[in-house]
Amino acid sequence: MTHSQPEQLVQSFLMGSKQTRSGQRRLLLLSKIGSLGSLSAAAKACGMSYKGAWQAVEAMNLAAGEELVHAQKGGSGGGGMALTPAGESLVSAYRLFHEQMQHWMRELEAASPGMLDQLDVMRKIAMRTSARNLFHGSVTKITPGVVNSEVVLSIGADHEVVAQITPESVERLGLEVGSDAYALVKASWVILTEDINGAFKTSARNQFCGEICAIEHGAVNSDVTIEVGNGQKISAIVTNQSLQGLELEEGGRCCALFKASHVLLAVAD
């Protein structure tokens, strides 16, 4: 097995440690399994469904390359489980690392006030994606559904991005109200219209209107960037025919629309 450099491992952990992260949530679940001896009880303690907890256990076993938990005979509620030696070792290491990290973070903030905010900026900068549109914010509402759940992400300046993802994805990402998350939208999924400003209704849940700050012309398509306020920008790829039909030009106004089902959510892990 190839290991990352120690500083890279610590950096990766720190970059995703400011708020609840899916990886830490899984480790907490593992710890609860060890103390409670039941997957169902551990899932309840972590605010997870039994199915989500079971999927998390499978993911941890796969990542570790060996079993971290094993079923106990006679367990009730379909969740009698105990940690394997490998699982106990991992939980012990996690607890020690977590304690030392919290101590170090307090010392770091005391030595350089505002350092934790700078770490947050570093984490955002480290986010890499092929999606042109990346919005960072906090989850303000989650509406559960049987097939899809609706997640509302506040991105500042009274702007919100609405996403529809499966309940399993909500569990896997560890999303809850107050969670830190990213919304990603490909530029080709963004539809441009004239500046409707509420003039008519559309089925697209996400609507942002603003001034066109840049247009990059291509042979067939053009890349249009819109400033929607508070430093937020949205890029869209449209055909040159649409560009001409809408009479879009730099300095003009238009609206960007995209469906909630076209929004991908991500968390720092």
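This passage describes a five-stranded sheet, a disulfide, a cluster of aromatic rings and one helix in a predicted model.

The model is predicted, and local features were accepted at pLDDT of at least 70, side-chain atom pairs at pLDDT 80 or more, while totals for chains, interfaces and linings use all residues. Residues are numbered from 1 along each chain as its sequence is written, and side-chain values use heavy atoms, with hydrogens and water left out.

Secondary structure follows DSSP runs, with helices (H or I) of at least four residues and strands (E) of at least two, numbered from the N terminus. An open sheet is built from five strands in the order 7-11-8-9-10, with antiparallel pairing. Two strands are taken to pair if DSSP finds at least two bridges between them. Strands of a sheet pair through backbone hydrogen bonds, either parallel or antiparallel. The edges of this sheet are strand 7 (191-193) and strand 10 (232-239), each of which pairs on one side only. On average, neighbouring strands of the sheet are turned by 45° against each other, direction ignored. The strand axes behind this angle are lines fitted to C-alpha atoms; for helices the fit covers the stretch in contact, and angles between N-to-C directions run from 0 to 180 degrees.

Strand 11 (residues 253-258) is joined to strand 7 by three bridges, and the two strands run antiparallel. Within this pairing, Ile191 has Leu257 as its bridge partner in strand 11, and Leu192 stands opposite Ala256. Strand 8 (residues 206-217) is joined to strand 11 by six bridges, again antiparallel. Here Phe208 stands opposite Ala256, and Cys209 has Cys255 as its bridge partner. Ala256 is thus placed opposite Leu192 and also opposite Phe208. Strand 8 also pairs with strand 9 (residues 221-229) in the antiparallel sense, over six bridges. These two strands form a hairpin with three residues between them, and Glu211 stands opposite Glu227 in strand 9.

Burial was assigned from relative accessible area: under 20% is buried, over 50% exposed, and values in between partly exposed (1.4 Å probe, protein chains only). Five of the six residues of strand 11 are buried, so this strand is largely enclosed by the rest of the structure.

A disulfide was defined as a pair of cysteine sulfur atoms within 2.5 Å, and by this rule the count comes to one. The bond is formed by Cys209 and Cys255, with their sulfur atoms 1.9 Å apart. The torsion about the S-S bond of Cys209 and Cys255 is about 100°, so the disulfide is right-handed. Because Cys209 lies in strand 8 and Cys255 in strand 11, the pair ties together parts that are 46 residues apart in sequence. Cys209 is partly exposed, at 28% relative accessibility, whereas Cys255 is buried at 0%. The sulfur of Cys254 has its closest cysteine sulfur in Cys255, at 6.7 Å, which is too far for a bond. Cys254 is buried, with a relative accessible area of 0%. Cys46 also counts as buried, at 11% relative accessibility.

Two aromatic pairs are present. Rings of Phe, Tyr and Trp (its six-membered ring) were paired if their centres lie within 6.5 Å; planes under 30 degrees apart count as stacked, over 60 as edge-to-face and the rest as tilted. The ring centres of Phe135 and Phe208 are 6.3 Å apart and the planes are at 10°, so this pair is stacked. The pair links distant parts of the chain, with Phe135 in strand 3 (residues 133-143) and Phe208 in strand 8, 73 residues apart. Both residues, Phe135 and Phe208, are buried, the latter at 4% relative accessibility. Phe208 and Phe258 have ring centres 5.8 Å apart and planes at 10°, so they too are stacked. Since Phe208 lies in strand 8 and Phe258 in strand 11, this pair ties together parts that are 50 residues apart in sequence. Phe258 is buried, with a relative accessible area of 1%. Through these ring pairs, Phe135, Phe208 and Phe258 are linked into a cluster.

Helix 4 (residues 50-64) has 15 residues, for which a rise of 1.5 Å a residue predicts a span of 21 Å; its end C-alpha atoms are 21 Å apart, which agrees. The expected span is 1.5 Å times one less than the number of residues. The buried residues of helix 4 are Gly52, Ala53, Ala56, Val57, Met60 and Asn61. Just after the helix, Gly65 takes a positive phi of about 80°.
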